[in-house]
Each structure stands twice: as structure tokens, then as C-alpha cells.
Amino acid sequence: MYKVYLLKSLKNGKSYVGMTTKDVEVRLVEHNEGSNTWTRNNRPFELKYFENYVCQEDAMKREKFFKTGQGKKLRKIILQYF
């Protein structure tokens with residue numbers, strides 16, 4: 001199962017979109033431990049939203065969408081209500 005997830009920085013309110021095959025809670029811990037440069041500089045994070053996908057291609061398309069102009073608008077709405 002593939003997951004597309006949205007994190008929100010408790011430090012500055014920025015959001016992060018990712019895709020994983022791991023449990024999203026495990027991935028959240030990895031981000032909060034500083035698993036990459038961007039998340040290390042913007043941590044701590046909280047998990048705000050995620051979606052499950054059976055197909056990797058669908059998950060990749062959804063992650064890519066969340067990084068487009070329209071996707072960022074939807075991401076902002078999701079983060080506002082979750």
C-alpha cells in the first residue's frame with residue numbers, strides 16, 4: 001500500500017508532501033528526527049492528512065498534483081480543516 005501524506009511544521013506553519021510505503025506514523029518520526037535537509041530545518045512536524053493507494057503510479061500522480069498550483073490550494077484547504 002502506498003500513502004501520500006501532508007505534514008505541517010509546528011515551527012513555521014510550512015507544509016510538506018510526501019509518499020511512502022511505510023506506516024505514516026513511522027515516516028513522521030523519521031522526518032522529526034531530521035531524515036532530510038528540508039525537514040531537519042523545519043521540524044517538528046505533525047501529520048495532518050494522508051491517503052492510501054494500491055497503485056504506485058496513482059500515488060505518485062497525487063503527490064505531484066499536491067505540488068502544483070491547484071494542488072497547493074487544495075493542500076491549504078485540507079490543512080486549514082484537519
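Q: How do helix α3 (residues 56–66) and helix α4 (residues 69–81) pack, and what are their angle and axis distance?
A: Their axes lie 6 Å apart and make an angle of about 85°. Axes here are lines fitted to C-alpha atoms, for helices over the stretch in contact, and angles run from 0 to 180 degrees between N-to-C directions. This is a predicted model, where local features need pLDDT of at least 70, side-chain atom pairs count only at pLDDT 80 or more, and totals for chains, interfaces and linings use all residues. Residues are numbered from 1 along each chain as its sequence is written, and side-chain values use heavy atoms, leaving out hydrogens and water.

Q: Why are α3 and α4 called roughly perpendicular?
A: That name covers angles of 65 to 115 degrees (under 35 is roughly parallel, over 145 roughly antiparallel, the rest oblique). The angle between α3 and α4 is about 85°, and therefore these two helices are roughly perpendicular.

Q: Which residues of α3 and α4 meet?
A: R62, F65 and F66 in α3 meet Q70, G71, K72, L74, R75 and I78 in α4. Contact means heavy atoms within 4.5 Å. The residues of this contact comprise 4 nonpolar, 2 polar and 3 charged.

Q: What makes β2 and β3 the edge strands?
A: The open sheet has 3 strands in the order β2-β1-β3, with antiparallel pairing. Two strands pair if DSSP finds at least two bridges between them. β2 (15–20) and β3 (45–53) each pair on one side only, which is what an edge strand does here.

Q: How do you know that strand β1 (residues 2–9) and β3 pair?
A: Pairing needs at least two bridges, and β1 and β3 have 8 bridges, in the antiparallel sense. One example is V4, whose bridge partner in β3 is E51.

Q: Which residues of α3 are buried, and which are exposed on the face turned away from them?
A: A59, E63 and F66 are buried, while the face turned away from the buried side carries the exposed residues K61 and K64. Buried means under 20% relative accessible area and exposed over 50%, with partly exposed in between (1.4 Å probe, protein chains only).

Q: Why do the buried residues of α3 line one face of the helix?
A: Seen down the axis of α3, they fall within an arc of 60°, so they line one face. What covers the buried residues of α3 includes β1, β2, β3 and α4.

Q: Where is P44, and what kind of peptide bond joins R43 to P44?
A: P44 sits in the loop between α2 (37–42) and β3. The bond from R43 to P44 is cis, with omega about 10°. Most peptide bonds are trans.

Definitions and conventions
Helices (H or I, at least four residues) and strands (E, at least two) are DSSP runs, numbered from the N terminus. Ala, Val, Leu, Ile, Met, Phe, Trp, Tyr, Cys and Pro count as nonpolar, Asp, Glu, Lys and Arg as charged, and the others, Gly among them, as polar. The arc is that of the directions from the helix axis to the C-beta atoms.
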